Amino acid sequence: MEIEWLLNYNPVLLALGATIFTWFITASGSSMVFFFKTINQKILNSMLGFAAGVMIAASFWSLLKPAIEMSEQSSNLPWAPAVIGFLSGGAFLLIVDKILPHLHMGLSIDDAEGIKTTWKRSILLVIAITLHNIPEGLAVGVAFGALANNPDTGMLAGAIALAFGIGLQNFPEGAAVSIPLRREGLSRLKAFNYGQLSGIVEPIAGVTGAYLVLTITPLLPYALSFAAGAMIFVVVEELIPESQTGNETDFSTIGAMLGFAVMMFLDVALG
């Protein structure tokens, strides 16, 4: 596939287009609520495991590995940007997790995290999903922003692979948001709207990440690692625990393995 022509476009516009794509896939997944009212727990576990596998693979192949390679060419301490950025990304999500009110699927409203609030259960559930869409959008934005510094087809293909991989896991993720919301008592339309709205932060985070990288070029290795750290935090804090619901944990494990393999294939084959 010839993609060189995309290099003529501003990386911020490319990041916007890519994250609009990932949001659209989230909305497509959320539309499953119009066809199903419930979702089998094994399928839900598999979906969440798949999303975790994609994010773990993307964190290394699409973010940490390029960050380390860039640092090796320009720094006496090539490990420093990757380590500092990675831990900073996790720390940032930890702080947001402690402040912003949200509720994980399957828990009582009494178990809501963050600052205490009187917000409805459905709102708290959507915020929890929205939180882990932020680093996904940021990762895609930073990957496209890197094109300003290294405008070659390999870097572009890697960014496209990342956007495609994130979009791929957003479909089951969208369904995994909207269908449980329907089970919470929301109408199909409301459940769909809340589900797709959880992904609208991805274009915002994507454009922000790309713009920051373009504005402050030396930040690139740190930004790539920051996005990786934020995504790994989400995987360990939310996706893996939520995918272990019930006794059939093999399905979440298989889903995670498949997700990792698919993302690794996309990044190595296209990147």
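So, is Phe 226 buried, exposed or partly exposed? At 23% relative accessibility, Phe 226 counts as partly exposed; the cut-off for buried is under 20%. Before I go on, a reminder that what you have in front of you is a predicted model.

Let me stay with Phe 226 and bring in its partner. The structure holds three aromatic pairs, and I'll show you two of them. One is Phe 60 with Trp 61, and that pair is edge-to-face, with 5.2 Å from centre to centre and 80° between the planes. Phe 60 is partly exposed at 38% relative accessible area, and Trp 61 is partly exposed as well, at 23%. The other is Phe 92 with Phe 226: here the ring centres are 5.7 Å apart and the planes sit at 45°, so this pair is tilted. That pair links distant parts of the chain, since Phe 92 is in helix α3, residues 80–99, and Phe 226 is in helix α8, residues 220–243, with the two positions 134 residues apart. Phe 92 comes out as partly exposed, at 40%.

Okay, charges. General point to begin with: side chains of opposite charge can pair when their charged atoms come close. How many salt bridges does the count give here? Just one. The side chains of Lys 65 and Glu 69 make it, at 2.9 Å from N to O. Both residues lie in helix α2, residues 41–74, four residues apart, which is about one turn of the helix. And here's the textbook bit: an α-helix has 3.6 residues a turn, so residues three or four places apart point the same way. As for exposure, Lys 65 is partly exposed at 31%, and Glu 69 is partly exposed at 36%.

Now the inside. In soluble globular proteins, nonpolar side chains tend to be buried together. In this model the largest nonpolar core has 67 residues, and the members touching the most other members are Leu 63, Phe 144, Leu 162 and Leu 239. Which elements give two or more residues to this core? They are α1, α2, α3, α4, α5, α6, α7 and α8. The largest share, 13 residues, comes from α2. Take Leu 63 if you want somewhere to click: leaving out residues up to four places away in sequence, Leu 63 touches Ala 58, Ala 139, Leu 162, Leu 224, Ala 227, Ala 228 and Met 231.

Next, α4. Its 25 residues should span 36 Å at 1.5 Å a residue, and the end C-alpha atoms are 37 Å apart, which agrees. This helix is mostly covered, with 22 of its 25 residues buried. One residue I'd like you to look at is Asn 133, which sits in α4, residues 121–145. Asn 133 is buried, at 0% relative accessibility. What does its side chain find in there? A polar atom of the Asn 133 side chain lies 2.6 Å from the backbone oxygen of Ser 198. Setting aside neighbours within four places in sequence, Asn 133 is in contact with Asn 170, Glu 173, Ser 198, Gly 199, Val 201 and Glu 202.

Two of those contacts, Val 201 and Glu 202, take us to α7, where both are on the list of buried residues. Helix α7 covers residues 201–215, so to speak, and its 15 residues reach 21 Å from the first C-alpha to the last, close to the 21 Å expected. Also buried in α7 are Pro 203, Ala 205, Gly 206, Gly 209, Ala 210 and Val 213. The cover over these buried residues includes α1 (11–30), α4, α5 (153–183), α6 (188–197) and α8.

From α5, let me pick Arg 182. The backbone oxygen of Leu 186 is 3.0 Å from a polar atom of the Arg 182 side chain. Beyond its neighbours within four places in sequence, Arg 182 is in contact with Val 33, Lys 37, Ser 187, Arg 188 and Ala 191.

Last stop is Met 257, in helix α9, residues 250–270. Is Met 257 buried or exposed? Exposed, at 59% relative accessibility. The C-alpha atoms of Met 257 and Phe 50 are separated by 7.2 Å, though the two residues are 207 residues apart along the chain. That's my tour.

Technical notes
Residues numbered from 1 in each chain as written. Predicted model: local features only at pLDDT ≥ 70, side-chain atom pairs only at ≥ 80, totals over all residues. Heavy atoms only, no water. Salt bridge = Lys/Arg side-chain N within 4 Å of Asp/Glu carboxyl O. Buried < 20%, exposed > 50% of the residue type's maximum accessible area, 1.4 Å probe, protein only. Phe/Tyr/Trp six-rings, centres within 6.5 Å; stacked < 30°, edge-to-face > 60°. Polar contact = N/O pair within 3.5 Å; in protein donor to acceptor, adjacent residues only side chain to side chain. Contact = heavy atoms within 4.5 Å. Core = buried A, V, L, I, M, F, W, Y, C linked by side-chain atoms within 4.5 Å.
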